[in-house]
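Some notes for a colleague who is about to look at this model follow. They are numbered so that each can be taken up separately.

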Amino acid sequence: MIKSMTGYGGCKRIINEREYSVDIKSVNHRYLEINLKMPKEFIKFENEIKNMVSQYICRGKVDIYINFKSFSEKDYRIIPNIGIMRQYLEAINRVRENFSEIQDDFSLSTFIKLPDALVIETEELDIGTVKSELLDCIEEALRNLDKMKKTEGENLKKDILMRLETIKALVNRIEEYSKDLVENYREKLYKRVSEYFDLKSIDENRLMLEITLFADKSDITEELVRLKSHISQFTECLEVGGCIGKKLDFIVQEMNRETNTIGAKSTIFEISQCVVSLKDELEKIREQVQNIE
């Protein structure tokens with residue numbers, strides 16, 4: 001299957017009074033870029049998380065947001081900051097001495113709410129258990145992301161295949177128009193030359209050779225053969241699937257190159273019209289390919 005580079009996957013779990021929340025967002029990018037935003041306790045798992053992501057994603061900009069909360073009494077300690085609290089008390093007493101006329105409603109509950117009066121320390125977590133729980137949550141989010149990317153990828157594939165059918169029809173029309181293109185061009189060229197010059201004073205064999213060489217430059221047979229070959233390669237890539245975005249982008253560029261050459265060589269209005277339609281469809285395909293992983 002082919003995948004879109006755009007998608008979202010999330011997972012939220014509460015295990016043993018610990019809450020894990022993972023959100024993963026991916027967008028278009030030329031290469032794989034992974035950005036992690038997570039609590040400092042999990043920094044030691046960064047390489048393993050990135051390795052896990054690379055198993056699911058080969059290209060795109062991936063932002064991963066990890067949040068963690070613990071509701072277990074074992075995971076935290078609350079310690080009174082006695083030094084700061086003493087300094088608070090000294091400052092409060094000086095205020096009392098200087099402003100005795102102000103009613104004093106200061107209480108213990110107010111006291112412990114002062115900044116840094118109480119310090120919350122995190123106990124050392126069971127690294128093995130937390131790591132296992134976290135990675136399981138991340139993997140579920142990645143599976144959800146992968147599912148969304150595959151669904152979007154199939155939609156892209158259907159749209160591109162439909163446009164390829166239009167392109168094939170246009171190429172067939174160009175092929176029909178170009179069947180007698182060189183011969184007709186040669187005849188027209190000979191007729192025009194004969195209108196302006198006295199052919200009796202010109203070496204007719206030499207003239208026909210020059211006209212033939214000039215007319216051959218309008219031959220688009222090779223371009224049509226290559227264009228049809230590129231279409232076949234493009235279709236095969238879509239059917240094989242996998243990480244094919246860069247390859248498809250290259251093939252579209254080659255298809256555009258052949259189309260431009262056909263347009264430059266064209267001397268027939270109908271072929272020029274087909275080339276305009278071809279370029280329009282190829283541009284739409286190119287835009288879709290930018291979203292494929």
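**Notes on the predicted model**

1. Packing of α1. The buried residues of α1 make contact with β3 (32-37), β4 and α4 (127-177). Those buried residues are I49, M52, V53 and Y56. They span an arc of only 100° around the axis, so they sit on the same side of α1. On the face turned away from that buried side, α1 carries the exposed residues N47 and Q55.

2. Status of the model and confidence. This is a predicted model. Its average pLDDT is 86, and 83% of the residues score at least 70. Among the elements, β3 has the highest mean pLDDT, 96, while helix α6 (residues 204-216) has the lowest, 57. Where pLDDT is low, the predicted coordinates should not be read in detail.

3. Overall make-up. The protein contains nine helices and six strands. It has 293 residues, of which 36% count as buried. Taking contacts between residues at least 6 apart in sequence, 80% join residues at least 24 apart. The exposed area is about 18000 Å², and carbon and sulfur atoms supply 51% of it.

4. Strand pairing around β4. Strand β2 (residues 18-27) and β4 run antiparallel and are joined by ten bridges. In this pairing, I24 is opposite I64 of β4. The pairing of β3 with β4 is parallel and involves six bridges. Here I34 has V62 in β4 as its bridge partner. β4 is also one of the elements against which the buried residues of α1 pack.

5. The disulfide. How many disulfides does the structure hold? There is one. The bond is between C58 and C243, with the sulfur atoms 2.0 Å apart. The torsion about the S-S bond of C58 and C243 is about 100°, so the disulfide is right-handed. C58 belongs to the loop between α1 (46-56) and β4 (60-70), and C243 to the loop between α7 (221-240) and α8 (245-265), so the pair ties together parts that are 185 residues apart in sequence. Both cysteines fall in the partly exposed class: C58 has 33% relative accessibility, and C243 has 48%.

6. Other cysteines. Is C137 buried or exposed? It counts as buried, because its relative accessibility is 0%. C137 takes part in no disulfide; the nearest cysteine sulfur belongs to C11 and is 3.3 Å away. That distance is outside the 2.5 Å within which a pair of cysteine sulfur atoms is taken as a disulfide. C274 is buried as well, with a relative accessible area of 1%.

7. Backbone at N16 and D116. Which values of phi should be checked at N16 and at D116? N16 has a positive phi of about 50°, although it is not a glycine. N16 is located in the loop between β1 (7-15) and β2. Its relative accessibility is 53%, so N16 counts as exposed. D116 is not a glycine either, and its phi is positive at about 65°. The loop that holds D116 lies between α3 (108-111) and β6 (118-122). With a relative accessible area of 54%, D116 is exposed.

8. Contacts of Y177. Y177 is part of helix α4. Its relative accessible area is 34%, which means that Y177 is partly exposed. Leaving out residues up to four places away in sequence, Y177 touches I268, E270, I271 and C274. One of these, I271, is 94 residues from Y177 along the chain, yet their C-alpha atoms are separated by 6.8 Å. Another of the residues touched by Y177 is C274, the buried cysteine with a relative accessible area of 1%.

9. Points to look at in the viewer. For the link between separate parts of the chain, begin with the disulfide of C58 and C243. For the packing of a helix on strands, look at the buried residues of α1 where they meet β3 and β4. For local backbone geometry, look at the positive phi of N16 and that of D116. Helix α6, with a mean pLDDT of 57, has the lowest value among the elements.

Definitions and conventions:
Residues are numbered from 1 along each chain as its sequence is written. This is a predicted model: local features need pLDDT of at least 70, side-chain atom pairs count only at pLDDT 80 or more; totals for chains, interfaces and linings use all residues. Side-chain values use heavy atoms; hydrogens and water are left out. Helices (H or I, at least four residues) and strands (E, at least two) are DSSP runs, numbered from the N terminus. Buried means under 20% relative accessible area, exposed over 50%, partly exposed in between (1.4 Å probe, protein chains only). Contact means heavy atoms within 4.5 Å. Accessible areas come from the Shrake-Rupley method with a 1.4 Å probe; for residues, only the protein chains shown count as cover. The arc is that of the directions from the helix axis to the C-beta atoms. pLDDT is the predictor's confidence in each residue, from 0 to 100. Two strands pair if DSSP finds at least two bridges between them.
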